[in-house]
Amino acid sequence: MQITIELPEPVIRQLRQIAAATQQSIEALVAQSVLSNLPPSAENAPPELQAELLAMQTLSTHELLAIAQAQAEPAQWHRHSELLEQNQEGQLSLNERQELTDLRQTADQLMLRKAYAWALLRWRGQKLPKLEDLPTPA
């Protein structure tokens, strides 16, 4: 598909300089710039979460921060850790294996929501905290 846009002369000048320096076409640079400035894609997420992740694009910064900073329930976190330890020792019953699978899936989905919220916040120009400044589970 072809789209025609008008760009200010300083932008064109900068594109020409970068194109010459990197031996790329201006079209390739523009396509790369547009692609890198789109909101994060949800197409690699599990199908059951894609609609929810895309809907997050309409949330306010405050709402996205709440998702990004969400923590697993302490009881869930401790039970997950307990089951992981028992699993390493080969001491899980069939029901406990299923519980561990369910807890792992819940934790994975939480982490995916959090990562997507952070990506959206970054895309919106928000400054992200340093890793050591993020809360850790108790």
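The exchange below goes through salt bridges, a nonpolar patch and one distant residue in a predicted model.

Trainee: How many salt bridges are there by the distance rule?

Mentor: The rule asks for a side-chain nitrogen of Lys or Arg within 4 Å of a carboxyl oxygen of Asp or Glu. One of the pairs that meet this is Arg13 with Glu9, at 3.9 Å from N to O. By this rule, the count for the model comes to six.

Trainee: Which helix holds both Arg13 and Glu9?

Mentor: These two residues are four residues apart, which is about one turn of the helix. Arg13 is partly exposed, with a relative accessible area of 43%, and Glu9 also counts as partly exposed, at 44%. The helix that holds both, residues 9-22, is α1.

Trainee: Which residue meets Glu9 in a salt bridge at 3.9 Å, apart from the Arg13 already discussed?

Mentor: Glu9 has been described above as a partner of Arg13, and a salt bridge is also formed between the side chain of Glu9 and that of a second arginine. The N to O distance for this pair is 3.9 Å, and the residue is Arg16.

Trainee: How many residues apart in sequence are the parts tied together by Glu52 and Arg113?

Mentor: Glu52 forms a salt bridge with Arg113, and their closest N and O atoms are 2.5 Å apart. Because Glu52 lies in helix α3 (residues 47-55) while Arg113 lies in helix α6, the pair ties together parts of the chain whose separation in sequence is 61 residues.

Trainee: Is Arg113 buried or exposed, or in between?

Mentor: Buried means under 20% relative accessible area and exposed means over 50%, with partly exposed in between. Its partner Glu52 has a relative accessible area of 34% and is partly exposed. Arg113 has 22% relative accessibility, so Arg113 counts as partly exposed.

Trainee: Which residues are joined into one network by salt bridges that share partners?

Mentor: The network arises through shared partners in the salt bridges. The residues joined in this way are Arg79, Glu82, Glu96 and Glu99.

Trainee: What is the area of the nonpolar surface patch that includes Val11?

Mentor: Val11 is found in helix α1 and is partly exposed, with a relative accessible area of 33%, so Val11 passes the patch cut-off of over 30%. Met1, Ile3, Ile5 and Leu7 make the patch together with Val11, and its area is about 580 Å².

Trainee: What distance separates the C-alpha atoms of Thr136 and Leu7?

Mentor: Thr136 is placed in the segment after α6 (94-123), and is exposed, with a relative accessible area of 67%. Thr136 and Leu7 are 129 residues apart along the chain, and their C-alpha atoms are separated by 45 Å.

Notes:
Residues numbered from 1 in each chain as written. Predicted model: local features only at pLDDT ≥ 70, side-chain atom pairs only at ≥ 80, totals over all residues. Heavy atoms only, no water. Buried < 20%, exposed > 50% of the residue type's maximum accessible area, 1.4 Å probe, protein only. Patch = residues over 30% accessible without salt bridge, like charges linked within 9 Å, V, L, I, M, F, W, Y side chains within 5 Å. Areas by Shrake-Rupley, 256 points an atom, 1.4 Å probe, with all protein chains shown as cover.
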